[in-house]
Structures are given as C-alpha cells and as structure tokens.
2 protein chains.
Amino acid sequence: MEIKEQLEIIKRGSDELLIEEELVDKLKSGRPLRIKAGFDPTAPDLHLGHTVLINKMRQLQDLGHHILFLIGDFTAMIGDPTGKNATRPPLSGAQIKQNAETYTTQVFKILDLRKTEICFNSSWMAKLSAADMIKLAATHTVARMLERDDFGKRYRSNQPIAIHEFLYPLVQGYDSVTMRADMELGGTDQKFNLLMGRELQKHWGQPPQCVLTMPLLEGVDGVNKMSKSLGNYIGITESPEQIFGKLMSVSDELMWRYIEMLSFDSLATIRRWKQEVEAGRNPRDVKVTFAREIVARFHNRAAADKALANFEARFKQGEVPENIPEITLPTEGEPILIYQVLKQAGLTASTSEAIRMIEQGGVKMNGEKVSDKALKLAAGGPFVLQVGKRKFAKVLLS
Amino acid sequence: MEIKEQLEIIKRGSDELLIEEELVDKLKSGRPLRIKAGFDPTAPDLHLGHTVLINKMRQLQDLGHHILFLIGDFTAMIGDPTGKNATRPPLSGAQIKQNAETYTTQVFKILDLRKTEICFNSSWMAKLSAADMIKLAATHTVARMLERDDFGKRYRSNQPIAIHEFLYPLVQGYDSVTMRADMELGGTDQKFNLLMGRELQKHWGQPPQCVLTMPLLEGVDGVNKMSKSLGNYIGITESPEQIFGKLMSVSDELMWRYIEMLSFDSLATIRRWKQEVEAGRNPRDVKVTFAREIVARFHNRAAADKALANFEARFKQGEVPENIPEITLPTEGEPILIYQVLKQAGLTASTSEAIRMIEQGGVKMNGEKVSDKALKLAAGGPFVLQVGKRKFAKVLLS
C-alpha cells in the first residue's frame, strides 16, 4: 500500500499525529513498526469509548504493524500510596492477572491475537532500583512537569500534588524506552505522557516514538466523555439488544461521530452515506447499518440480525408513530426524575399521574417498559417516551 | 548531670533546637540518645567550619549519647545525573571508601572512636526498589518541597530544578527512619532536610527526631562562610604554624565568634575572658590561648607551644609596633592585586615601587614574606602589611 494511503488510515478519526514527517520516514523503511498502547488493569469492563483506541490498533495491525499491548501493572500494584484515593487500592499480582485475562478476552474481539504482544511493565520496572528511579527523575525538571495541564491547574489552585505523581509519567515514558516503541497511541488527555516517551527515548539515544492521540468518545448523552461512572456508556459485553437499542437512541449528530470513530466501513462509504442523508435518506437507516456492524463485532451477525428484528418488533408493537413531537427540557446540570420529565413533557397531567402510570406498567422509554419510578434521566437523549398507547414524545434534556 | 545542664551544653553555640520539650522528654528517659549527623564523602579535607558540628557531636558523646556518623555515599555514588554539575561526578565504591577513611582519620581527632558508629546509607538505600522510592515520594507534596528556600527561589526565577532533587531530601529523611535517630544535627542550611527526617519518622510511626542546627562558621575574612573554594578556611590538617598564624590574624570580633563555636573551654571561662578584655586586657592574649587550644587539638600541646614561640619570634624579628595605622579599602567585590593595596594604603608611593619592593623581598604580610607580586587579596582582613623595616599598616578590605 502507498504511504499516503497508510497515512490516511492511520490519521482517520485521530486528534493529532506527532510528527508526521517522522512517521513517513518510519513507514518508508517498510519494516513492521512497533506500536505501543498502554492500559490500566484496574477496570476490566471495556466500553465503546475504549475501543476507539483498540480499533486504531487493529487498523495498524491490518497494515502489518506490530502491536504492543502494554498493561501498566507496575503502578497498579503500587496504587495510590498517599491513601487519599480510595478508588485506587493497590492490586495484587493475582488480581492483575485476572483483570488482564478479562481485559484481553474483550480486546481480542477486535485485535488479532496472533499479531499482538501483551507486555506487563512490572517485568522491567520491578527490576529498577531506587537509584535508577532517581536517575530517571533527573531527566526532567519540575517546571516541565508543571506544564502538564492538570498539574499546573492543581498547583496554581493550591491543591496538593504528591511528588510521586511526577514519577508516573516518567515510568510511562521509560516503558517506551524499554519497548523501543516506534509510535504510541493514547487519548488526547494522554498527550503529555506520550511526549515523555519521546523525550526519554531521545535521552537514551533512541529515535523518538511518534505520538498519535485519539479523541475521547462522548457518551450516549452526547455531552460527557463516555464513562462507566456517568452511566452514559455502551459496554462491549452488553447483550446484542442493549447495544443495538442504545446505539439507535443516540442523536443523528452523535451518530456521525460514532460512525467516524467506531465503524470499520471505508471513508468512501461513510462519505456516500452522508451525501444520501443530505439528499433525503432517513438517517435511521444508516444508524441501523452501523448498529448492526457494532453488534456483529462484539457478538456475531446472527445476533445483530435478531437484535434488529426485536427492535423493530418492539417499535411496531408499540406503534410508535412516524412523527412524534420533539421536546427539549432544561436540566440545569442535574439528572431529572422520570415522572417529572413525563409531566413537563405534557405526557401526564401531574407527577402523581405519572407515578401511577409507571406503577401500572403504562410507561415506556425507547420501547422498553419503565418499572423504576425513581429512575433519573441525565442530560442527553433523545428519549422516546410513551404513556399508554397513544401519547408519545421525543424528549431531549439540555 | 541535671537535664538543665545537659541542655545548656547541647544548645551552646547552636542556632535552633526543635523541639526542646521533646528533647527534654528523651533526656529524661536516661537512655543514651541516638544522634545522627550526615556527611558528604566527596570532600575529605575538613576545615574548622566542619568541626563546629563535630564538636557538638563530641559534646553529646561526652554526655553519654550514641553518635551515628552517617556517610551519605548512596547519593554520592549517583552524583549529579543531569551531568550539569561537573563538580559532582559519581564516585565509585572504592573512592568513597578511601574518602571515608581520610575523613574518619580526621574526625577522630575530635570524636571518641569507641563511642561512634559509622554508617553508610548505601547499605539500606541500595536495597530500595523503584517502587519503594515511589512510595517515599508519595509522602510529600510538590508544594511542600517548593517551600525549601533554594527550591522556591529557583522556581520563581525560572531556574531549572531537576525532579530528582526533590528525592534527595526524602532519601536523607528516610535515613533517619532506618537509623531510628532521636536527634539529628546539621548546619542551619540543612534545616529543611532535617525536618524531613521528623516528618518521615512520623509517617513510619516512629517518635520524631529532634533537630539541632548549628550556624555556619565564617571564614577568616569574617564575611563569607568558611569554604575551601573561597580560600578563607583553616584546614585541620594544616601545620601548627599555619593554624596558629591564621587564627591570630582574625579580627577581635570574629575571635569571640570562633571561641564560642570552637573552644571547649567552659562558658564560664569565656564569660570571664570577655569581662577581662572589657576591663582592658589585650584581646591578643585571649587569642593566643584559643589558638593554642585549637593547634593542640589537631596536633598536640608541644606543637602548639612551638607555633606560639615561632609566631612571637617572627613578630619580634619583624618588630611590628604595638599601634599601627588601620586602613579600610573598598574592593567593589573583586580581589585586589597586592601592589595596588600597598600603594592605596600609602605604604609605597607608586605601584611600580610596590612591585620593586616585592621583588626585593621587602614586603611582608602577617609577618610572612610576600614573594608573589601577582598575589590578590579578597575582601576581609585585617592584613598586617609591612614594607621595609618601618612602614606598617593594618588593612581591611571591605
């Protein structure tokens, strides 16, 4: 394949490539490049947000490059030594091994197992002495570390930064030295740490790695970064029906973003779809094609077909009319109770009627019965709400 | 001995004791306290400035306490990993061993060898892993480190601080943990690092060490801190004549400071001397007594007597009058050539006459013939200058 074509694939959906000229030179060599991407073994449940990076790794794999899937177990074993962060307890070797297995089982739904090398940075970091760590720390200045956005902000606002936090980016950069990485992938929020790898490789006399950052995928709300704790995620181990339904619920605008970042369809195909929609094709059709692709990726094609059939049956059964009113409600940043949404959308006369309707099983959201009257909806949507057989509204929470 | 008396001896000549109440409690226990003092093995030639601390250790030894003489070889073996400081090359184990021997030979002119334990921090620090170093770094914040005067100043003036520089105070503090020190001694410039020991001991659940700081001794110029590189030092391996002569050359004011910090005579005796001088006694007599004490300490009493006799003979021979004019000359911070000093002090009519007199061997400084006409005098003094047999001046360079 031409370098230019390779480059187009590599850059697709990415945020930044540093430094393109260097990557071109590396590609010209014709050898498989060593592509590093680091993962934290603390959260084994992957969602679509994680797969943006993993897809890019797969694309690079398909271009013939060598993927180094790095599990950052060294720092995970240390945890947060200040003890202030209760959500980061140190993990034992056994826990990490178990997490890593769950992790890789999920990851190899996308990556080609045979072309992937799994590395644990404890295998070299555990051998490093305090003196080595001191020498590593000597390679950078305090001022350079405070250039990292979050460090700078915390320092200026008098929030404590423990000194070991300055060491972690160095450890991550040193991984690149040990791994002799040609390129490292990461989220845009990792740019500083990825550049550390470049700097340390230069310090150790190696050609510096290129850095490719991928944007952070928004959650189904279209507002916040996809995250398990925000509840706006689509987990890759969710059922075909869940994945399909959640993807069908995203706004048309967010759909294009998801397609760009998650679909393996060619850029030419995606361009054609856009033209078709602009010419009047229902975006829902594109969404269906895309949702089937994603379900098939994490389950299989039959499951995708079944999820589509179920989805359509539910909507047919529910007789969701083609044109239902669209309503935007302000959230003021706080999730809203479903019965208040129902009343504010004019679907019930009062909140007490709304609660009664939920209790009687007469309320559906996106085709599914709502049974929890304490359910809260966060900013996002649209949510297709149905009360009884005839009342519908498409609600967007702003 | 009463606690109060012990405390008076401990505090004599010191700058600060933290925290006195805690030390009193430790002394009340009646057990020998573990007293730590750390030394850098890079500069084996000790001068009187170093002995301020070593004297204090000796006094504590005489009070029955246990002296832990720590040689900071771990960091010396690392040197300056940034490579920016050419004066701090990493030292090999063999060099350190050799330096340590020279060191201790000199130190045991003051300390009681039998009551001293020599420790090398490499013996525990070399066993520390990178992970241990990270945990150690997690005990303190960046902001806390920037509270250290020199770090704060450098940060504010955009001078680089390498990150490992933040680790060295932690290493020094961790030494106190390993050594279970009850008290640590150091120069006033070490206060921050000594307090690290307190903080880390608390972190490791130990009672915190007390901290006793000693002032930095001025050099014979009475202006700058005594230092080999500034040339204003009195080395403890210098000849009896050199030590005696240099001590006799210091100003009367500086003499009292030296006596307070270096003499082993009792505070009562020193108070009596001061009263006598105030009542008219020649301070030179006190200076002679003190200079003999110091020479005897590093050589022996006979050598001290001989140095005194030589000194007096030289002055008699030189017929230095009792009252000679005192002249202060401005230096503007730069050392001045001796022939210019001679002219400016009015001892010669011109610089060419001054040069000629030096060449003819007709110029003496502090009773010794000046043979180097390119000699430069730095700020300080007084210098007793003599040209020919009759012209004298006591010159102070401001």
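Start by selecting A:Leu17 and A:Leu212: the second is the bridge partner of the first, and sits in strand 6 of chain A. What you have on screen is a predicted model, where local features need pLDDT of at least 70, side-chain atom pairs count only at pLDDT 80 or more, and totals for chains, interfaces and linings use all residues. To find your way, residues are numbered from 1 along each chain as its sequence is written, chains are lettered from A and ligands numbered from 1 in the order in which they are written, and side-chain values use heavy atoms, with hydrogens and water left out.

**Stop 1: the sheet in chain A**

Widen the selection to strand 1 and strand 6 (residues 210-214) of chain A, which pair in the antiparallel sense over 3 bridges. Here, two strands pair if DSSP finds at least two bridges between them. Strands (E, at least two residues) and helices (H or I, at least four) are DSSP runs, numbered from the N terminus.

Now show the whole open sheet of chain A: 6 strands in the order 1-6-5-2-3-4, with mixed pairing. Look to the edges for strand 1 (16-18) and strand 4 (116-120) of chain A, each of which pairs on one side only. On average, neighbouring strands of this sheet are turned by 20 degrees against each other, direction ignored.

Next, pick helix 3 (residues 48-62) of chain A, which packs on the sheet. Helix 3 touches strand 2 (34-39), strand 3 (66-71), strand 4, strand 5 (183-187) and strand 6 of chain A; a contact is heavy atoms within 4.5 Å. The direction of helix 3 makes about 155 degrees with that of strand 5 of chain A. Axes are lines fitted to C-alpha atoms, for helices over the stretch in contact, and angles run from 0 to 180 degrees between N-to-C directions.

**Stop 2: a cis bond after strand 1**

Zoom in on A:Leu18 and A:Ile19, whose peptide bond is cis, with omega near -10 degrees. A:Ile19 is in the loop between strand 1 and helix 2 (20-28) of chain A. Hop over to chain B and you'll find a cis peptide bond joining B:Leu18 and B:Ile19 too, with omega about -10 degrees.

Two more backbone spots deserve a click. Most residues other than glycine have a negative phi, and most peptide bonds are trans. A:Asn158 has a positive phi of about 60 degrees although it is not a glycine, and lies in the loop between helix 9 (149-156) and helix 10 (164-179) of chain A. In chain B, try B:Arg180, with phi near 50 degrees, in the loop between helix 10 (164-179) and strand 5 (183-187) of chain B.

Are these two buried or exposed? A:Asn158 is exposed at 69% relative accessible area, and B:Arg180 is exposed at 54%. Buried means under 20% relative accessible area, exposed over 50%, and partly exposed in between (1.4 Å probe, protein chains only).

**Stop 3: the cysteines**

Looking for disulfides (cysteine sulfur atoms within 2.5 Å)? The count is 0 over all chains. Select A:Cys119: the nearest cysteine sulfur, that of A:Cys210, is 19 Å away. A:Cys119 is buried, at 8% relative accessibility. In chain B, B:Cys210 is in no disulfide either, with the sulfur of B:Cys119 19 Å away, and B:Cys210 is buried at 0%.

**Stop 4: salt bridges**

There are 46 salt bridges over all chains, each a side-chain nitrogen of Lys or Arg within 4 Å of a carboxyl oxygen of Asp or Glu. Show A:Lys287 and A:Asp252, whose closest N and O atoms are 3.2 Å apart. A:Lys287 is in helix 15 (residues 283-298) and A:Asp252 in helix 13 (residues 252-262) of chain A, 35 residues apart. A:Lys287 is buried at 7%, while A:Asp252 is partly exposed at 38%.

Then select A:Glu326 and A:Lys394, a salt bridge at 3.9 Å, N to O. A:Glu326 lies in strand 7 (residues 326-329) and A:Lys394 in strand 13 (residues 391-397) of chain A, so the pair ties together parts that are 68 residues apart in sequence.

For a group, select A:Arg272, A:Glu276, A:Arg281 and A:Asp285, which are linked in a network of salt bridges.

**Last stop: both chains**

Zoom out. A rotation of 180 degrees with 0.2 Å of shift along its axis superposes chain B on chain A, with RMSD 0.3 Å. That is the relation of a two-fold axis. The fit is by least squares on the C-alpha atoms of residues with pLDDT of at least 70 in both copies. Finally, colour the interface: 100% of the interface residues of chain B are also interface residues in chain A, so the copies meet through the same surface.

Key: Disulfide = S-S within 2.5 Å.
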